[in-house]
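Q: Please take a close look at one part of this structure, the matter of disulfides. Then work outward from there to the rest of the fold.

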Amino acid sequence: MGKKLLLHNDHVPNIHTYEVYRAHGGYASVEKALKTMTPDQVTDEVKKSGLRGRGGAGFPTGLKWSFLAKPEGVPRYLVCNADESEPGTFKDRYLMERHPHALVEGMITSSYALGAHTSYIYIRGEYFYVARILEQAIREAYAAGMLGKNILGTNYSLDLYVQVGGGAYICGEETALLESLEGKRGNPRIKPPFPAVAGLYGCPTVVNNVETIAAVAPIVNMGGEEYAKIGIGKSTGTKLISASGHINKPGVYEIELGVPVEEFIYSEAYCGGIRNGKKMKAVVAGGSSVPILPTELILKTAKGEPRLMTYESLADGGFQTGTMLGSGGFIVMDEDTSVVKNLFTFTRFYHHESCGQCSPCREGTGWMEKVMQKFIDGTANESDIDLLWDIQGKIEGKTICPLGDAAAWPVAAAIRHFKQEFIDIAKQKKFNDVKHYYRLNNLTEA
Amino acid sequence: MKVTIDGKEIEVPKGTTILEAARMIGPEVAPPTMCYYSNLKTSGGYCRTCIVKVTKGSAQNPNPMPKPVVSCRTEVMDGMEVQNYTSPDLLEARRGVVEFLLINHPLDCPICDQAGECFLQDLSYNNGTEKTRYEFKRREFEMIDIGDKIKLHMTRCILCYRCVKVAEQLTNGRVHGVINRGDVAEISTYITQAVDNDFSGNMIDVCPVGALTDKTFRFKQRVWFTKPMDAHRNCDKCCGKVRLWYKGEEVLRVTARKNKWDESEEFICNACRFDHKKTADWVIEGPTPISHHSVISQNHYEHLNALKVDTLKRQKALGFMNIDKRP
């Protein structure tokens, strides 16, 4: 098993309390940063570490921080995006539930680096109990002098707040998140201006994922260069992967980036293979919005090289034969799974979560769901496959925010790699989901 | 700053959007708009019909932009090159957007008061397809009264947010907005509040489709049977410059004056709009110039011929051009 930086104390009882966390080396990065480093040095370490945004897009965090405008007399904000709503992704929840102080520590160190004196954790509404855990952690941190005025006797002060959202996927988009945080309807803003220039309340703001912020603490502790040694190429460090689906051991795994996909799925250290001795059919490698890949393409790239769990390797071949690491929502499907049914679920989700602001997404997501419903009802024709392909092409890249793309990509990939399944349903005029039904209900097939 | 749109170059000040630059060049390159409104701040960006292709970002960074951009909210850069009607992919993408706008639109033009001056009609005439590929039930809403003079027919709405911006920017205490999300999002008032302020009528003018209609004019007359006249009066609330729509000797409705992009030049108050519908209330300036391509130009100024104003001459004098937006 590889090195662990975020979940290394996962076995420690009561690690969610301040005393235990501190006794196991917690808050060392705060001490190191505030007492021995300037904010720019912290940013430099993050740059050197090569840390990339863990929320899905994989944008280099150090670079994002360096874009932050720093005008005189204007407050700056750090906002933690804990609106983890991508289907198949539950790593942030695990981290916050069990290691709330890891996030609080990362927030303090990162806020110091950015010069923010007020920071927010925006958490999705469905995670209300996680918000309570975080609030308890923040109370403990205040009591220990890690938050508030003059942290650890330095002249740096920080207030940290938890804001619970209403439970909308769209509020995970950073500008929609800021709108929601400001108390408005969570509609994405039209960019530019980017949040780094005009974000929360019109002030320069950095929005980072929970895992990204938590990773800042080990980076400061071990140094950016040391952190960059973990992983392969531009995919440095460790990543939390939420493994789900038809595997023997679903759960959250911290991996060193660069583990081969095959090892991740079949090794006992991780997913432990496909359950019930079935064969693997397909994998959605980074949360519902990334393209689904069939077994042969997820284990090996089109060039025949083994695929690794890195940003680059998973994206190898573009969308024709590749996918994305995304948020690390790793969904494995066995041979009994219907890709059509799976796609129907995804299109229903995006239809439900579209904010309705711009026309291609508002109308297109609903249309795709209705066409998919025809496949489930067994009333679809072969021309509906072309129609779906056309609709997704007309949504992708035409919308305000990436939700349109996120809705279009899975449709495109399912048709690209599993067109025969769609054709079969259209030809037979029947959607056969019996196997799926039996397996779900633990029945043996008659 | 120099920008080239469809091969036509123009020098514009910094901060100009691509759409504004295109409109400066002329209607032959200007993209169609549904949600942008020159008099409303932060409008635009929602409908995606004004998308253009940026083939050269700027003189410093000549790379093309990876995706189509909304011209109404993208500022020009020096040396930028933009394709609008000259890019077949872009026109295809725009046809896609128009198709999306139309799939849930009831297409009840024969009974809609907006027909004849509807942005969506023009848009679908220029960029739409002959047949729909949408075979499902279209979205429907109940009609509601928002305020005593305005009818909201949400089924026709394309969620351009213009009326929300009017309420936000012209009045204080906006009581209506968008509720729900996705394709069931709708314009509505807060609980059962009525929109009640002196400038609420402008919502009707800015609505690109027939979702917000004037209850004092509903079903009175097809717009192409009415003839517009520019007129003014002294009003202590607004500019008092309006357009009167005549049928015979009768003023059927009063609207703000629209520019050649069909956007209100100046907003008018409800007193001018709803309460002054007699010729005697107004100083008549003369017939409004109308584009030859507008259906409203089809008939004669019956009974008002006595005014003997040469519409075409006036039109030329005012610099009105052919505003047909077809490529």
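A: The model is a predicted one, and over all its chains it holds zero disulfides. In chain A, A:Cys358 is in no disulfide, and the nearest cysteine sulfur, that of A:Cys361, is 5.6 Å away. The reverse holds too: A:Cys361 is in no disulfide, with the sulfur of A:Cys358 as its nearest cysteine sulfur, at 5.6 Å. A disulfide is counted when two cysteine sulfur atoms lie within 2.5 Å. Neither residue of this pair is exposed: A:Cys358 counts as buried because its relative accessibility is 6%, and A:Cys361 counts as buried because its relative accessibility is also 6%.

Cysteines turn up again in chain B, around a cavity. A search of the whole structure finds eight cavities of 30 Å³ or more. The second largest has a volume of about 80 Å³. Its lining comprises 15 residues, and those nearest its centre are B:Cys157, B:Cys160, B:Cys163, B:Cys207 and B:Leu212. Sorted by class, the lining of this second largest cavity has 14 nonpolar residues, no polar ones and one charged residue.

B:Leu212 leads from the cavity to a sheet, since it stands opposite B:Leu152 in the pairing with β10(B). The sheet is open and antiparallel, and it has three strands in the order β6-β7-β10 of chain B. Its edges are β6 (144–145) and β10 (212–214), and each has a single partner strand, so one side of each is left without a neighbour in the sheet. Between β7(B), residues 150–152, and β10(B) there are three bridges, in the antiparallel sense. After β7(B) comes a loop that runs to α4 (162–170) of chain B, and B:Arg156 lies in it. B:Arg156 counts as buried because its relative accessibility is 3%. Between B:Arg156 and B:Val178 there are 15 Å in space, C-alpha to C-alpha, and the two are 22 residues apart in sequence.

Further along chain B is a strand hairpin. β12(B), residues 241–247, and β13(B) run antiparallel and are joined by six bridges. B:Val242 has B:Ala256 in β13(B) as its bridge partner. Two residues separate the strands of this hairpin, where B:Gly248 takes a positive phi near 65°. In β13(B), residues 250–256, six of the seven residues are buried, so the strand is largely enclosed by the rest of the structure.

Chain A also has a hairpin, formed by β7(A) and β8(A) with five residues between them. The strand β7(A), residues 238–245, pairs with β8(A) through six bridges, in the antiparallel sense. One facing pair is A:Lys239 with A:Ile255 of β8(A). The strand β8(A), residues 251–256, is mostly covered, with five of its six residues buried.

A bent helix comes later in chain A. α18(A), residues 403–428, has a kink of about 90° centred on A:Phe418. The helix is mostly covered, as 20 of its 26 residues are buried. Just after α18(A), A:Lys429 takes a positive phi of about 55°.

Two other residues of chain A have a positive phi although they are not glycines. For A:Tyr27 the value is about 65°, and for A:Asn150 it is about 45°. A:Tyr27 is found in the loop between α1 (18–23) and α2 (28–36) of chain A. Where A:Asn150 sits is the loop between α7 (128–143) and β3 (159–164) of chain A. Their surroundings can be set side by side. A:Tyr27 counts as buried because its relative accessibility is 0%, whereas A:Asn150, at 45%, counts as partly exposed.

The backbone of chain A has one more feature to note, a run of cis peptide bonds. A:Lys191 and A:Pro192 are joined by a cis bond with omega about -5°. The bond from A:Pro192 to A:Pro193 is cis as well, with omega near 5°. A:Pro192 lies in the loop between α8 (174–181) and β4 (205–209) of chain A, and A:Pro193 lies in the loop between α8 and β4 of chain A.

To return to the request: the structure holds zero disulfides, and A:Cys358 and A:Cys361, with sulfurs 5.6 Å apart, are in none.

Conventions. Residues are numbered from 1 along each chain as its sequence is written. Chains are lettered from A and ligands numbered from 1 in the order in which they are written. This is a predicted model: local features need pLDDT of at least 70, side-chain atom pairs count only at pLDDT 80 or more; totals for chains, interfaces and linings use all residues. Side-chain values use heavy atoms; hydrogens and water are left out. Two strands pair if DSSP finds at least two bridges between them. Helices (H or I, at least four residues) and strands (E, at least two) are DSSP runs, numbered from the N terminus. The bend at a residue is the angle between axes fitted to the seven residues ending there and the seven starting there. Buried means under 20% relative accessible area, exposed over 50%, partly exposed in between (1.4 Å probe, protein chains only). On a 1 Å grid over the protein atoms alone, a cavity is a set of points where a 1.4 Å probe fits but cannot get out, and a pocket is an open set with protein on both sides within 12 Å along at least five of seven lines; lining residues have an atom within 4 Å of a point. Grid points are joined across faces, edges and corners, and a volume is the space filled by probe spheres set on the points. Ala, Val, Leu, Ile, Met, Phe, Trp, Tyr, Cys and Pro count as nonpolar, Asp, Glu, Lys and Arg as charged, and the others, Gly among them, as polar.
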